[in-house]
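Notebook open, model loaded. I want to go from the overall fold down to single residues and write up what I look up on the way.

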Amino acid sequence: MLDTNVLTSALLFPGVKMDAMMNSIFTQHQLVLSSYVVDELKGVVRRKFPKKESTIEKLLMTMSFEYVYTPSEIESGLFDIRDIKAYPVLYTAIIEDVDILITGDKDFADIDIDKPEIMNPTKFMERFL
């Protein structure tokens, strides 16, 4: 599963490393995106990169991924995180039994849970590329 910041980077600022990571995910893993992350991505693009809105829609339509729903009623207290907006991302990964959450958000760094394994793109690439 990708967090919003990684998905935004992969779609709007592709490069050799990010493209290699996405290729690895598409060919060796099953990409999972949550409704929360997709909605957040669209909001970020609408606010910061309005000319890229149609590009994002086209890219999402061509990508192969499992789409999972983030419930509006979220159980609190499963873990502590500084940024409350990040809670639904990890919460969804937990309830959907995702193996790995790839994020660039440092708020996830101190969370100690068994599953999903939380890693940044560099760690993912070191392990899987």
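The entries below go from fold to core, then to pockets and a few single residues.

**Ground rules**

I am working on a predicted model, where local features need pLDDT of at least 70, side-chain atom pairs count only at pLDDT 80 or more, and totals for chains, interfaces and linings use all residues. Numbering starts from 1 along each chain as its sequence is written, and side-chain values use heavy atoms, with hydrogens and water left out.

**Entry 1: overall fold**

I looked up the secondary structure and found 6 helices and 4 strands. My elements are DSSP runs numbered from the N terminus: helices are H or I with at least four residues, strands are E with at least two. Read from the N terminus, the order is α-α-β-α-α-β-α-β-β-α. The radius of gyration is 14 Å, close to the 14 Å from the globule rule for 129 residues, so the protein is as compact as a globular protein of that length. (That radius is taken over C-alpha atoms, and the rule is 2.2 Å times the number of residues to the power 0.38.) Along the principal axes, the C-alpha atoms fill a box of roughly 40 × 30 × 25 Å.

I then checked contacts, meaning heavy atoms within 4.5 Å. Of those with a separation of 6 or more, 59% are between residues 24 or more positions apart.

**Entry 2: what is inside**

Buried residues come to 43% of the 129. I call a residue buried under 20% relative accessible area, exposed over 50% and partly exposed in between, using a 1.4 Å probe and protein chains only.

Which residues touch the most other members of the largest nonpolar core? L2 and M21 do, in a core of 39 residues. Such a core is a set of buried Ala, Val, Leu, Ile, Met, Phe, Trp, Tyr and Cys residues joined through side-chain atoms within 4.5 Å. Elements that each supply at least two residues of this core include helix 2 (16-28), helix 4 (53-62) and helix 6 (121-128). Leaving aside neighbours within four places in sequence, M21 contacts L2, V6, I102, P121, F124, M125 and L129.

Helix 1 (4-12) got its own look. Here 7 of the 9 residues are buried, so the helix is largely enclosed by the rest of the structure. The buried ones are T4, V6, L7, T8, A10, L11 and L12. Among the elements covering them are helix 2, strand 1, helix 3 and helix 6.

**Entry 3: pockets**

I took a pocket as an open set of points on a 1 Å grid over the protein atoms alone, where a 1.4 Å probe fits, with protein on both sides within 12 Å along at least five of seven lines; lining residues have an atom within 4 Å of a point. The largest holds about 350 Å³ of space. It has 19 lining residues, and T4, N5, E40, V44 and R47 are the closest to its centre. Helix 3 gives the most to this lining, with 6 residues. By type, the lining splits into 5 nonpolar, 4 polar and 10 charged.

The second largest pocket holds about 240 Å³. Of its 16 lining residues, M1, Q30, V98, D99 and I100 lie nearest the centre. Strand 2 (66-68) and strand 3 (100-102) each supply at least two lining residues. The split here is 10 nonpolar, 2 polar and 4 charged. For both splits, Ala, Val, Leu, Ile, Met, Phe, Trp, Tyr, Cys and Pro count as nonpolar, Asp, Glu, Lys and Arg as charged, and the others, Gly among them, as polar.

**Entry 4: single residues**

Is S34 buried or exposed? S34 is buried, at 0% relative accessible area, and lies in strand 1. Beyond its neighbours within four places, S34 contacts M1, Y67, V68, T70 and T92.

A93, in helix 5, is also buried at 0% relative accessibility. Outside its own neighbours within four places, A93 contacts M1, V98 and P116. A93 and D3 are 90 residues apart in sequence, yet 9.8 Å apart in space, C-alpha to C-alpha.

A109 is exposed, with 60% relative accessible area, and sits in the loop between strand 3 and strand 4 (117-119).

P116 is in the loop between strand 3 and strand 4 too. A cis peptide bond joins K115 to P116, with omega about 5°.

Last note: D97 has a positive phi of about 60° although it is not a glycine. D97 falls in the loop between helix 5 and strand 3.

Conventions: Points joined across faces, edges and corners; volume = space filled by probe spheres on them.
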